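Open the model in your viewer and keep the selection tool at hand. This tour goes from stop to stop, with a short note at each.

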Amino acid sequence: MRYLTFALGKGRLVNSTMEILKKCGIECEEILDKKTRKLIFTNEELKLKFFLAKGPDVPTYVEYGAADIGIVGADTILEENRRVYEVLDLGFGKCRMCVCGPHEAKELLEHREMIRVASKYPNIAKDYFFNRKHQTVDIIKLNGSVELGPIVNLSDVIVDIVETGSTLRENGLEVLEEICPLSARMIVNQVSMQMETERIRKLINDIKENLD
């Protein structure tokens, strides 16, 4: 039997993912050890391998078959737009992708004016403004604190993930429009889905049964 390989997005999702897998009888304690230098973790008994990757890389590993299964936020799946099957909404890591800015920017959105939009998610921003709102905008990609965009007059608004909105409020910004709800998702490589249908389907069903 070949190994099934999981790519997990580093960060907060890992603990929740391992909790659900544990309920399904799949354990890999080592992966939660913060001190470990290991890159790949194996469960020999169940023929499973796990590795941690940066969120945006997870869909790439899955598309090219370096991982059979990936667990990553919906924002990454939408932004990276890779050829993978999205098979399950895991329901944790919930937040929203929103257009945010100072209160007065609301008018610019309503009148569909030419504005500048700063975002870590240029593809999501482009799709929303061009295809859904039919508004022409100038999109500026930022990698760091996008909230700075409107504050230093780099942009009129930002497109970013909002969880509680406290960072926005502290910086005099607010949610102006909601683009879509987000949460952790399970993705599968297209070839793996055909070759390992039974094992992967069983895994999906086990996880479904253990979702709260």
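## Stop 1: a strand at the edge

Select Asp138, which is partly exposed, with a relative accessible area of 35%. Here buried means under 20% relative accessible area, exposed over 50%, and partly exposed in between (1.4 Å probe, protein chains only). The model is predicted: local features need pLDDT of at least 70 and side-chain atom pairs count only at pLDDT 80 or more, while totals for chains, interfaces and linings use all residues. Residues are numbered from 1 along each chain as its sequence is written, and side-chain values use heavy atoms, with hydrogens and water left out.

Asp138 sits in strand β8. Helices (H or I, at least four residues) and strands (E, at least two) are DSSP runs, numbered from the N terminus. Now add Arg199, 61 residues from Asp138 along the chain. Their C-alpha atoms are separated by 46 Å.

## Stop 2: the five-strand sheet

Colour the open sheet of five strands, in the order β8-β7-β9-β6-β10. Its pairing is mixed. Two strands pair if DSSP finds at least two bridges between them. Strands of a sheet pair through backbone hydrogen bonds, either parallel or antiparallel.

Which strands stand at the edges? They are β8 (137–141) and β10 (174–182). Each has a single partner strand, so one side of each is left without a neighbour in the sheet. Neighbouring strands of this sheet are turned by 25° against each other on average, direction ignored. For such angles, axes are lines fitted to C-alpha atoms, for helices over the stretch in contact, and angles run from 0 to 180 degrees between N-to-C directions.

Zoom in on β7 (residues 115–119), which pairs with β9 in the parallel sense over three bridges. Select Val117, whose bridge partner in β9 is Val157.

## Stop 3: a covered strand

Move to β4, where five of five residues are buried. Strand β1 (residues 4–9) runs parallel to β4, joined by three bridges. Phe6 has Ile69 as its bridge partner in β4. Strand β11 (residues 184–188) pairs with β4 in the antiparallel sense over five bridges. There, Ile69 meets its bridge partner Val188.

## Stop 4: two pockets

Turn on the surface. A pocket is an open set of points on a 1 Å grid over the protein atoms alone, where a 1.4 Å probe fits, with protein on both sides within 12 Å along at least five of seven lines; lining residues have an atom within 4 Å of a point.

The largest pocket has a volume of about 790 Å³, the space filled by probe spheres set on the points, which are joined across faces, edges and corners. It is lined by 28 residues, and Gly55, Asp75, Thr76, Tyr121 and Ile161 lie nearest its centre. Which element gives the largest share of this lining? It is α3, with four residues.

The second largest pocket has a volume of about 330 Å³. Of its 17 lining residues, Lys10, Ile31, Lys38, Phe41 and Leu52 are the closest to its centre. Elements that give two or more residues are α1, β2 (40–43) and β3 (48–53).

## Stop 5: the cysteines

Finish with the sulfurs. How many disulfides (pairs of cysteine sulfur atoms within 2.5 Å) does the structure hold? Zero. Select Cys24: the closest cysteine sulfur, in Cys28, is 14 Å away, too far for a bond. Cys24 counts as buried, at 16% relative accessibility. For Cys95, the nearest cysteine sulfur is that of Cys98, 9.0 Å away. Cys95 counts as buried, at 12%.

Note on methods
A disulfide is a pair of cysteine sulfur atoms within 2.5 Å.
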